[in-house]
Amino acid sequence: SSGINAEYGDMDVSKIQGNVHPDAPVKSVRIRVGRSFNGFGLSPGITKQQRLDLEKLLSSAFSNYTGDLEGDYYHHLGMDEAVRQQLVDVHFLFVSGDPILICAGMERDWPEGRGIFHNKV
């Protein structure tokens, strides 16, 4: 396969050139994704039920990851406080109350239907 995708451009990972020094390899990467799933609204317009259904769908998918992708999904609702604080401290989890997110309607029904997946590698 050429790795060319009309929508996303050249996706051939063998062409990625990096500048990571061999004595300082990358240990962690944080990726924040704006997503669109067929049948589900985006964050500002998603209904509470859609958000709950999407969380259920994604947490089920995450449970099937193996190898380097294997990890844990933490539901925000009912998350152990020590785990929540640890994820906030390492900047993997944002704290509710951001005025921009509130204004955009992205904190409606907080924290229901939300969580974070963290792989074990």
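Helices (H or I, at least four residues) and strands (E, at least two) are taken here as DSSP runs, numbered from the N terminus. The model is a predicted one, in which local features need pLDDT of at least 70 and side-chain atom pairs count only at pLDDT 80 or more, while totals for chains, interfaces and linings use all residues. Residues are numbered from 1 along each chain as its sequence is written, and side-chain values use heavy atoms, with hydrogens and water left out.

**The whole chain**

Begin with the protein chain in a cartoon view, where three helices and four strands can be picked out, running β-β-α-β-α-α-β from the N terminus on. Switching to a surface, the accessible area (Shrake-Rupley method, 1.4 Å probe; for residues, only the protein chains shown count as cover) comes to about 9300 Å², and 55% of that belongs to carbon and sulfur atoms. Of the 121 residues in the protein chain, 17% are buried, where buried means under 20% relative accessible area, exposed over 50%, and partly exposed in between (1.4 Å probe, protein chains only).

**Helix α2 and its salt bridge**

Select Glu81 and Arg84 next, which form a salt bridge with their closest N and O atoms 2.9 Å apart; the term requires a side-chain nitrogen of Lys or Arg within 4 Å of a carboxyl oxygen of Asp or Glu. Because Arg84 and Glu81 are three residues apart in helix α2, about one helical turn separates them. Both ends of this bridge are partly exposed, Arg84 at 26% relative accessibility and Glu81 at 45%.

**From helix α1 to the loop before β4**

The structure holds three salt bridges, and another of them joins the side chains of Lys48 and Glu112 at 3.1 Å, N to O. This pair links distant parts of the chain, with Lys48 in helix α1 and Glu112 in the loop between α3 (99-103) and β4 (115-119), 64 residues apart. Now add Asp109 and Arg51, whose closest N and O atoms lie 3.7 Å apart in a salt bridge; Asp109 belongs to the loop between α3 and β4 and Arg51 to helix α1, 58 residues apart. Is Arg51 buried or exposed? Arg51 is buried, with a relative accessible area of 7%, whereas Asp109 is partly exposed at 31%.

**The aromatic cluster**

Select Phe62, Tyr65, Tyr73 and Phe117, which form one aromatic cluster. Rings of Phe, Tyr and Trp (its six-membered ring) pair if their centres lie within 6.5 Å, planes under 30 degrees apart counting as stacked, over 60 as edge-to-face and the rest as tilted. By this rule there are four aromatic pairs. The ring centres of Phe62 and Tyr73 are 5.6 Å apart and their planes stand at 35 degrees, so the pair is tilted. Phe62 lies in helix α1 (residues 48-62) and Tyr73 in strand β3, 11 residues apart; Phe62 is buried, with a relative accessible area of 16%.

**The nonpolar core and His76**

A nonpolar core is a set of buried Ala, Val, Leu, Ile, Met, Phe, Trp, Tyr and Cys residues joined through side-chain atoms within 4.5 Å, and the largest one has five residues, Met79, Leu87, Val88, Leu93 and Ile116. Centre the view on Met79: leaving aside neighbours within four places in sequence, Met79 is in contact (heavy atoms within 4.5 Å) with Tyr74, Arg84, Leu87, Leu93 and Ile116. Finish at His76, in the loop between β3 (71-75) and α2 (81-89), which is buried with a relative accessible area of 14%. Outside its neighbours within four places in sequence, His76 is in contact with Leu93, Trp110, Pro111, Arg114 and Gly115.
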